[in-house]
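Visitor: I have the model open on my screen and would love a close look at one part of it. Could you pick a spot and walk me outward from there?

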Amino acid sequence: MFVSRFGIRTLIAFAHDFVAVAVAWWLAYLLRFNFDIPAATLELLSIILPWIVLVQTSFFLWMGLYRGLWRYASLPDVKRIFVAVVTGTVTVLLMLWLLGLLADIPGSVILLAPLLLLLIMGGSRLLYRTWKERRLYNLESYETRLVLIIGAGNTAMNLVKELARSREWHVVGMLDDNPKKLGTRLHGVRVLGVIDELPHWVQKLNVGHVIIAIPSVPHRIHRHTLEMCSEIGVKAMTVPSYADLISGKTTVSKIREVELDDLLGRAPVVLDNDGLHSLLTGKVVLVTGAGGSIGSELCRQLIAFDPDRIVFLELNEFALYSIQEELLPHFPGIEMSFVIGDIKDYARMTQIFTQFRPSVVFHAAAYKHVPLMEHENACQALLNNVLGTYVLAQVAINFEVGKFVLISTDKAVNPVSVMGASKRLAEMVCQALQQSIAKHIKPDQSTQSHSTCFVMVRFGNVLGSTGSVIPKFREQIAKGGPITITHPEITRYFMSIPEAAQLVLQAGLMGGTKGGGEIFVLDMGDPVKIVDLANDLIHLSGLSEGDIRIVFSGLRPGEKLHEELLSASENTFPTPHEKLRIAQARQVDEHWLSDLMMWLGKVTVLNDQEVRDQLAKWVPEYTNKESEH
């Protein structure tokens, strides 16, 4: 029972220290008397030594020396041993003084014994750790890879220290543009030259990998380094982002391949965390389209704000199952409900809202694939994106939901596609509902605390979202090409999925300051040529343009050459957040909404042309490209 309670390793460690105390005092006497201990002194030692060992080891147990493993012994463990040895020694001397035996103990023994005990206990632990690590490394069949590090700052120095313990990597040098660091050695690694000398040092040192160890590096350095690496045939990698490092989510040793996000130069989003906590903490939050790219990322971001419950609403069974498998086991402290339902089903939506009573709704469910919705599916795009939004919004009003956030798209601006026009119509539905709410607020009501505030968020493409060009390009590259692009001059706005989700949350918080019904436009930066995007992905794959061919196939139905975030009739005004502006879009009223719903309520099946004709009536900005052919 004793063994099972404490563990065999703990007992071995305790036995080692038990013997170490006896050996330390024995050696101290041997050294004092030049290895010839007098008989009387030896007799006294044999009497007091058991008591010394008993007292000293009792302090070892009391100080918790056996809670850790020797293979992880470190400086804090040595400090704990020091305190235990010193405290135990003082107690031993006090005991000998009370017994009247202290005068018989040589002063040199009193000094030597604890020093020898520290050396034996600390040294054996560190030797064991060294042996264990070497043994583990030898068991791994790693082939050491030579690597150059870009950067010579704190992150690079920490990376050098961590990689020094690895048998997989061997750092042969560092490159940095700071002239004061050239020629210096950091943890034994020399700063060889500037970043532009990378090809020279790669060839000279026969390096196969380059690690960019500057978390806050401008995207131009990422891009420049990647281009050099592609030209000379070496693999470029990078460290985690600065935000992940300071949050403690990861360490610099968790190096990864350079991603497309690193090349876009998007600055990190600064969130109003206090405000978002007041909006979300302790509240029930419902997300539609929770299995999609944006919906699932919204749910991941919501977890950080400790809501009372997240309701995942999704029509696609597999998508809902996937997000459930991802999140449910890892966040047991967050209540989650996974429900299947069609947002057009008024009875099902009412049932869900009755059961969960959400305070905030993020509406991400939509049919979004432009060419797919243009032919054969136009009526479904209209019903899902417009009627579904109306049904969900009306139920939200009935249950006095505080915030209703509609996720829209830049394709709703001067739309030329059914999908874009249907999303603009969904925006207009929410605007009309907001006007209807405002009209029925009583004059003596000072707040709208019991009415729903509608917020719309309009942004462009997100990197890696379902159905986007990035996964398609990756698949084409993996097959050896060619990459198919519709037009050599086509451009799109891009942001990462986490950035888009964070800005949706921020817009949801800020909505309502102008009375509700605002359309927030995200700062998408500069548009990116799809050709450049394809070339970046080719480089990231370790290939060059000569390896993968690019073929231009022509614009698809409903596709623009250049997307817009605002129409010619829209202006914006700033918000307190630098990445969010509010669009002053054309307004509609509740009479318009009543007419629209009267028509939509009669719609069962329409052919594609009938849908386009009706969209042209309800959305004046819509240009029916199909009718021009």
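Guide: Let's start at Phe-404, which counts as buried because its relative accessibility is 0%, under the 20% cut-off for that label. Please keep in mind that this is a predicted model. Phe-454 is buried too, with a relative accessible area of 0%. The ring centres of Phe-404 and Phe-454 lie 5.1 Å apart and their planes meet at 50°, so this aromatic pair is tilted. If you trace the backbone, you will find Phe-404 in strand 12 (residues 403–409) and Phe-454 in strand 13 (residues 453–459). The two residues are 50 residues apart, and their pair links distant parts of the chain.

Now follow the chain past strand 12. Lys-411 sits in the loop between strand 12 and helix 17. You might wonder whether this lysine is buried or exposed. Lys-411 counts as buried, because its relative accessibility is 12%. Its C-alpha atom is separated by 8.9 Å from that of Arg-458, a residue 47 positions away along the chain. Asn-414 belongs to the loop between strand 12 and helix 17 (418–439) as well. Asn-414 has a positive phi of about 45°, although it is not a glycine. With a relative accessible area of 22%, Asn-414 is classed as partly exposed.

Let's move to another ring pair. By the ring-centre rule, the count comes to seven aromatic pairs. One of them is formed by Phe-312 and Phe-338, a stacked pair with 4.4 Å from centre to centre and 20° between the planes. This pair also links distant parts of the chain: Phe-312 is in strand 9 (residues 309–314), Phe-338 is in strand 10 (residues 335–340), and they are 26 residues apart. Both Phe-312 and Phe-338 are buried. If you would like to look at more rings, Trp-592, Trp-599 and Trp-618 form one aromatic cluster. Elsewhere, Arg-32 lies over the face of Phe-33, at 4.6 Å from the ring centre.

From strand 9, step back along the chain to a loop residue. Asp-306 is placed in the loop between helix 12 and strand 9. Here again the backbone catches the eye: Asp-306 has a positive phi of about 50° and is not a glycine. Its relative accessible area is 42%, so Asp-306 is partly exposed.

Helix 12 itself is another story. Ten of the eleven residues of helix 12 (residues 293–303) are buried, so the helix is largely enclosed by the rest of the structure. Among the buried residues are Ser-293, Glu-297, Cys-299 and Gln-301, along with Ile-294, Leu-298, Leu-302 and Ile-303. Helix 12 packs with helix 19 (residues 497–510) at an angle of about 65°, and their axes are 9 Å apart. That angle makes helix 12 roughly perpendicular to helix 19. The crossing of these two helices is right-handed.

A second helix pair is worth turning the model for. Helix 16 (residues 378–398) and helix 21 (residues 590–600) have their axes 11 Å apart and pack at an angle of about 125°. Helix 16 and helix 21 are therefore oblique to each other. Helix 16 passes helix 21 in a left-handed crossing.

There is one backbone detail to check in the loop between helix 18 (469–478) and strand 15 (483–485), where Pro-482 is found. The peptide bond from Gly-481 to Pro-482 is cis, with omega near 0°.

To finish, let's visit some strands earlier in the chain. Five of the seven residues of strand 2 (residues 169–175) are buried, so strand 2 is largely enclosed by the rest of the structure. Strand 1 (residues 145–150) runs parallel to strand 2 and is joined to it by six bridges. To find a point where they meet, look at Leu-148, whose bridge partner in strand 2 is Gly-173. Strand 2 also pairs with strand 4 (residues 189–193), in the parallel sense and over two bridges. There, Leu-175 has Gly-193 of strand 4 as its bridge partner.

Methods:
Residues are numbered from 1 along each chain as its sequence is written. This is a predicted model: local features need pLDDT of at least 70, side-chain atom pairs count only at pLDDT 80 or more; totals for chains, interfaces and linings use all residues. Side-chain values use heavy atoms; hydrogens and water are left out. Buried means under 20% relative accessible area, exposed over 50%, partly exposed in between (1.4 Å probe, protein chains only). Helices (H or I, at least four residues) and strands (E, at least two) are DSSP runs, numbered from the N terminus. Two strands pair if DSSP finds at least two bridges between them. Rings of Phe, Tyr and Trp (its six-membered ring) pair if their centres lie within 6.5 Å; planes under 30 degrees apart count as stacked, over 60 as edge-to-face and the rest as tilted. A charge sits over a ring if NZ of Lys or CZ of Arg is within 6 Å of the ring centre and within 35 degrees of the ring normal. Axes are lines fitted to C-alpha atoms, for helices over the stretch in contact, and angles run from 0 to 180 degrees between N-to-C directions. Angles under 35 degrees count as roughly parallel, over 145 as roughly antiparallel, 65 to 115 as roughly perpendicular and the rest as oblique. A crossing is left-handed if the near helix is turned anticlockwise from the far one by less than a right angle, and right-handed if clockwise.
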